[in-house]
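Please walk me through this structure, moving from a single residue outward to the sheets and helices and to the chain as a whole.

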Amino acid sequence: MCSWRHLALLFLLPCLFGRPSSSAAASDSLSAGDSLTGNRTLVSAGEKFELGFFSPAGNSTYYVGIWYKRIPGQTVVWVMNRDSPIADPSSAELTVAQDGSLLLLVVTGNRSKKTTVWSSNSTRPCDEGTAVAVLLDTGNLVLRGRCRRGGNSSAIIWQSFDHPTDTLVPGGWVGLNKSTGAYQALRSWRSATDPSTGLYMDRVDPHGSAQYVFLWNGTTVYHDIGAWNGRYFVPIPEMGTSPAKYTFVFVNSSDEVSYSFRVVDPSTVSRLVMSPHGQLTMYDWSDASGQWLLHWATPTSQCDVYSVCGPFGLCDVSSSQYCRCLPGFHPAAQGDWVNQLWSAGCARKTTLQCGGNASSTDGFLPLQNVQLPGPGSYSLVAAAGSSGDCASACLRNCSCTAYAYADSCLVWDGDLRNVQQLSVGDAGASTLFLRVAAADLVAANQRDGRFRIIGVSSAIALAILCLLLFVLARVRRRDETVHHDGSLIVFSYGYLAQCTKNYSQKVGMGSFGSVYRGTLPDHTVVAVKRLEGSAQGEKQFRTEVRTLGTIQHVNLVRLRGFCATRHERLLVYDYMPNGSLASVLSGHSFRLLDWRARFGIMAGVARGLAYLHEQCQERIVHCDVKPENILLDAGFCPKVADFGMAKLIGRDFSQALTTARGTVGYLAPEWILGLPITAKADVYSYGMMLLELISGRRNRDAAAPGGGGCYFPLWAATKVREGQFLALLDERLAGDADVEELGRACNVACWCIQQSEALRPTMWQVVQVLEGSLRVGTAPVPRFLEHLLVEDSCTSYNLELRV
């Protein structure tokens, strides 16, 4: 593709040209007239790569491929005949023809007839019998020969780097030759055990933008990896976090658009893979763990991949399986779903009844809190002025499969793809009405009472309207001391005083005020926070509270209502019977929390913070993440509390504070340095809290016996760096923990507490690491903690900070 690449190879090839062909397995070359068959392989000169016949696990067919020689598990980086498998390698041979072509042949009949399964289609004329195929230490299979009759020069006839499959290794490239129009693209395997061409590919934008885009089925662009900033693609900052390990190269010239990477240390083993599920992933091999570690993936969320769950599939990032069928559907190919191959999607359980009129017996099931399939997949019905009109329009169209109505009517025809389950309260969530047969309506209603059968008659609409009017009338007749403001209840000060027995049942003291236990007249127990130091006016306070009232997530404490008077500001929350995580950490009840409960708390808090950072309509930085602000319900489900408090009392955390005091153990270095506070400050605090949950000790404690009395997080980070995860585990668990989960939690905790916020993951990435969908390498010991060690002589960290 590029002359400089070919030139580099020309310097290497003469050294290998005179290498004799051999039947020995250690040979790296195949000469004209020689063949490779059965279990014979080629091995590169430095024994880094191996080429031969292989059969993926669970697959009865064979392919010619290249894999890492020294890495267990046969990680394949290139497949020759991916769409033309063979049944028996003993009846097949890879050979270099006299005319310079590389051929894969299958012997049939009485072995006198040979059929070509694959060919390099080499067109460059060379001296007969001079061609030789060589497997290089880069993983590149090169076919070369003398192409100047009578001369001693050597030329590249063909090379595998010009024809990548799903993997890019250092020195390889993907791109576009602008002169010839030839593309080098990564095309996914169909599944983890099927190397045939899959549905996803990574290539230069066919529309000429010079950007790299991902395509589904060769037609639909679903992702682009953005602009190049000189070191990495901007939407993938993880590419720039390890400049000492590898360098990425992007070329956009008059001759080509290409992308490649190289490793700084030759011992580093890395690869880029277009996964069968449509994510471009980068892996590093870890000798310490004996496995491939995921460095980054894009798109970050599996559910952002086009049609990842196939037609009529629902993608849910909170589920370990990601994909499930929409109600009224079942997997189209059950065996594929067992192997996590979801591209075939789902099929209807019952055929729709459609006569092209609104009298159809079909109905609609509401799918709540979902992200609607994107633009281009639906059509607008301008004549529909209501949800009922929209439903009728869908029923009259036999190809209509779903509709949604907000300010306008949207209908979907044919296969429904890219429906994604979102969290309750997500700003992007909508309700999609899925068309199903009458039998599936009844079945869904019997199976789950949450589904309501949506009718289209005006009588039902009128009944709903009457019910709403009745509820509103009841609200107006209620005592004037309690009324509604949107989704929140507005309490009078006297009403709350009565509920809390004149604020006598104090259950806690937080950074922003005291918390009291209260009981409403219907016997509902609530927590009443009495804010102190509020600098806001009543109108602004009400505005901010209304915003917080719209934020709902299973891992956030629910705000029920508020009270705002001239002198008082109070917030009313759901009461958490198990108190705060801090009280559990320091109390006897902590021994009751087994590893499963602790890991559930870790993941729950991460999801709650990720929601605040990335999914709220107005992004929220907590600024005070610590065990005291993590509450536990009756089932020990964690709820993040006190989010948004800074706004409610009128503080601006976008600038360095000058009067606030904080608990040093959880404050990120940027607080100390007087730098602006971002969401990464919450990540640091979360990492410190994670170490506490793992170990059962507070972060200001000294290290374990033998740790020299050092500051505990520093000792912990050192142990994680050494791979001694069990050394951190609470001794009261007696080693009873999922070792893989423990390793993920320890690693991500140490990444969270890095001094540089650029090295810390986002909270969403933390969630992915804990769930196992994103792998990270071992974090360096934070230099910030080493600095504290020198200053404080490893004694303590009980400093009082003024920031």
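**From one loop residue outward**

S307 counts as buried, because its relative accessibility is 2%, where the cut-off for that term is under 20%. In this predicted model, S307 belongs to the loop between β24 and β25, and its phi is positive, at about 55°, although S307 is not a glycine. As background to that value, most residues other than glycine have a negative phi, and most peptide bonds are trans. The loop between β24 and β25 (313-315) also contains P299, which is joined to T298 by a cis peptide bond with an omega of about -5°.

T298 leads back from this loop into the strands, since T298 in β24 is the bridge partner of L280. The strand that T298 pairs with is β23, and β23 and β24 (residues 291-298) are joined in the antiparallel sense over seven bridges. β23 also has strand β22 (residues 270-274) as an antiparallel partner, here over five bridges, and in this pairing M274 stands opposite L280 of β23. The hairpin of β22 and β23 has five residues between its strands, and within that hairpin G278 takes a positive phi near 85°. As for how far β23 (residues 280-286) is covered, six of its seven residues are buried, which leaves the strand mostly covered.

Another residue with a positive phi that is not a glycine is N217, whose phi is near 60°. N217 lies in the loop between β18 and β19, and its relative accessibility of 45% is why N217 counts as partly exposed. The two strands that flank this loop, β18 (residues 212-216) and β19, pair in the antiparallel sense over four bridges, and one of the paired positions sets V213 against D224 of β19. Both strands belong to an open sheet of four strands, ordered β16-β17-β18-β19 and paired in the antiparallel sense. At its edges are β16 (186-191) and β19 (220-224), each of which pairs on one side only, and from one strand to the next the twist averages 35°.

A further open sheet of four antiparallel strands has the order β1-β10-β11-β12. Its edges are β1 (29-31) and β12 (155-159), and each of these has a single partner strand, so that one side of each is left without a neighbour in the sheet. In this sheet the twist averages 25° from one strand to the next. The partner of β12 can be described through its bridges: β11 (residues 141-145) runs antiparallel to β12 and is joined to it by four of them, and L143 has W158 of β12 as its bridge partner.

Contacts between parts of the chain that are separated in sequence can be followed from L488, a residue of strand β36 (residues 488-491). L488 is buried, with a relative accessible area of 1%. Once its neighbours within four places in sequence are left aside, L488 is in contact with H483, V545, R546, G549, L559, R560, G561 and F562. Of these, R546 is 58 residues from L488 along the chain, and yet the C-alpha atoms of the two are separated by 7.4 Å.

The helices come next. Two packed helices are described by the angle between their axes and the distance between the axes. For α12 (residues 679-695) and α14 (residues 739-752), the axes come within 8 Å and cross at roughly 145°, and the crossing is left-handed. On the α12 side the contact is made by V683, Y684, Y686, G687, L690, L691 and I694, and on the α14 side by L742, A745, C746, V748, A749 and C752. By class, the residues of this contact divide into 12 nonpolar, one polar and no charged. Helix α13 (residues 712-721) is largely enclosed by the rest of the structure, because seven of its 10 residues are buried, namely F712, P713, L714, W715, A716, A717 and V720. Just after α13, G723 takes a positive phi of about 80°.

The protein as a whole has 16 helices and 45 strands. Of its 803 residues, 52% count as buried, and the surface that the protein exposes comes to about 35,700 Å², with 52% of that area supplied by carbon and sulfur atoms. Among contacts between residues at least 6 apart in sequence, 56% join residues at least 24 apart.

Definitions and conventions: Residues numbered from 1 in each chain as written. Predicted model: local features only at pLDDT ≥ 70, side-chain atom pairs only at ≥ 80, totals over all residues. Heavy atoms only, no water. Buried < 20%, exposed > 50% of the residue type's maximum accessible area, 1.4 Å probe, protein only. Contact = heavy atoms within 4.5 Å. Areas by Shrake-Rupley, 256 points an atom, 1.4 Å probe, with all protein chains shown as cover. Pairing = 2+ DSSP bridges. Axes fitted to C-alpha atoms, helices over the stretch in contact; angles between N-to-C directions. Left-handed = near helix turned anticlockwise from the far one by under 90°. Nonpolar A, V, L, I, M, F, W, Y, C, P; charged D, E, K, R; others polar.
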